[in-house]
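Got the model open in your viewer? Let's walk through it one selection at a time.

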Amino acid sequence: MESIYNMTFDKLNLYFHNLNLKSYRTRQLFDWLYIKRIKSFKEITNIKKEVIEKLEKDFYFDNIEIKEKQTAPLVVKYLLKLSDGNTIEAVLMKHDYGNSLCISSEVGCNMACSFCESGRIKKIRNVTAGEMVLQILKIEEDLNLRISHVVIMGIGEPFDNYDNVCNFVEIVNNNYGINIGSRHITISTCGIVPKIYEFKNFPYQVNLAISLHAPNNALRSKLMPINKVYDLDALIIAVKDYLEKSNRRVTFEYIMLNEVNDTPELALELANLIKGMNAYVNLIPYNETNNLGYKRSSKERIMKFYDVLKKNKINVTIRREFGGDISAACGQLKTVKEAT
Ligand code: SAH
């Protein structure tokens, strides 16, 4: 049996086709699942009984549970329990342009970035496409609102769970279903180079963000073990190749770690590294965690770094902060709740 929420529109089309049923059945089913939001096939009234029975044999309605919820102005953080008992987190942010949900793509994470709380617990398993869809369904239902933007920046490395993430995008982008525009979806990766090459052929105009955090190999390898596998040179070549093929812009995320990666010299090195690329840099004030020992750069250091990039004609923004007071901010999400 398969979770019905794992099924892309194309896969369902094929399923109905193999049963000698017309393809409009897929549209009907997507409507029941994602517009009417049924919880059982029994609620369907316009598909004949034999087909419903067949669907019941082949698919089940997976569910996730809200275990805990913390609310702050404009942010709600969820601890969600998957049907096998594992937990993940998701964070809803209310922006003036809409509601954005930060979802988890893995239970735990193997990337072990030295500054990130989420990576302290090794990967237990992939989050399935259906479980990513359910993060949206559950939170929309709980808050009675519509989510307009999704960022895959919660727990996990999306390109370490590539197929599920792509299926998820296909499902939520479909205009007979949840219908979130592909330009409203952002995937953030720590730089799994072969997947960046694969991603340029993914036929959806999804935003790509790269967690860079350092402009040279020595420093980046200290902060992010993945850099020892795919170094900066390989990463930048892959991103350039992606830019050429996709005609899109990428975001480089750069967290500001006090006296670690935030000097004007490093800003200049960063500017030289990415000069001429259709990219912009998002400077992220570091969210301190209890366990990892890094400190957030001061405002002055962040502004100096920003100015060097600007002077060198790099597009740069400073990320607005969300959720710090409820530990819902980037890098503070954890798979397992522990006493802090
Ligand atoms: N694995 C993916 C997505 C998850 S992390 C990736 O690496 O991109 C989302 C972003 O938050 C990444 O840029 C990550 O480096 C950053 N981040 C991690 N810990 C952080 C912290 N404590 N404060 C601010 N940003 C952090």
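Start by colouring two selections: residues 2-60 are domain 1 and residues 65-338 are domain 2, with bounds that come from an automatic or database domain assignment. Put a marker at the centre of each, taken over C-alpha atoms, and you'll find 33 Å between them. Before going on: this is a predicted model, where local features need pLDDT of at least 70, side-chain atom pairs count only at pLDDT 80 or more, and totals for chains, interfaces and linings use all residues. Residues are numbered from 1 along each chain as its sequence is written, and side-chain values use heavy atoms, with hydrogens and water left out.

Next, select the residues in contact (heavy atoms within 4.5 Å). Domain 1 brings 14 residues and domain 2 brings 16. About 1,300 Å² is buried between the two domains, and 58% of that comes from carbon and sulfur atoms; buried area here is the accessible area (1.4 Å probe) that two parts lose on being put together, summed over both.

Now show Tyr5, Tyr34 and Arg37 as sticks. In domain 1 these three lose the most area to domain 2, together 40% of what that side buries.

Then pick Lys39 and Glu141: their side chains form a salt bridge at 2.8 Å, N to O. The rule (a side-chain nitrogen of Lys or Arg within 4 Å of a carboxyl oxygen of Asp or Glu) finds two salt bridges across this interface.

Last stop: helices α1 (9-18) and α2 (24-35), which each supply at least two residues of the domain 1 side that touches domain 2. Helices here are DSSP runs (H or I, at least four residues), numbered from the N terminus. Which helix gives the most to that side? It's α2, with five residues.
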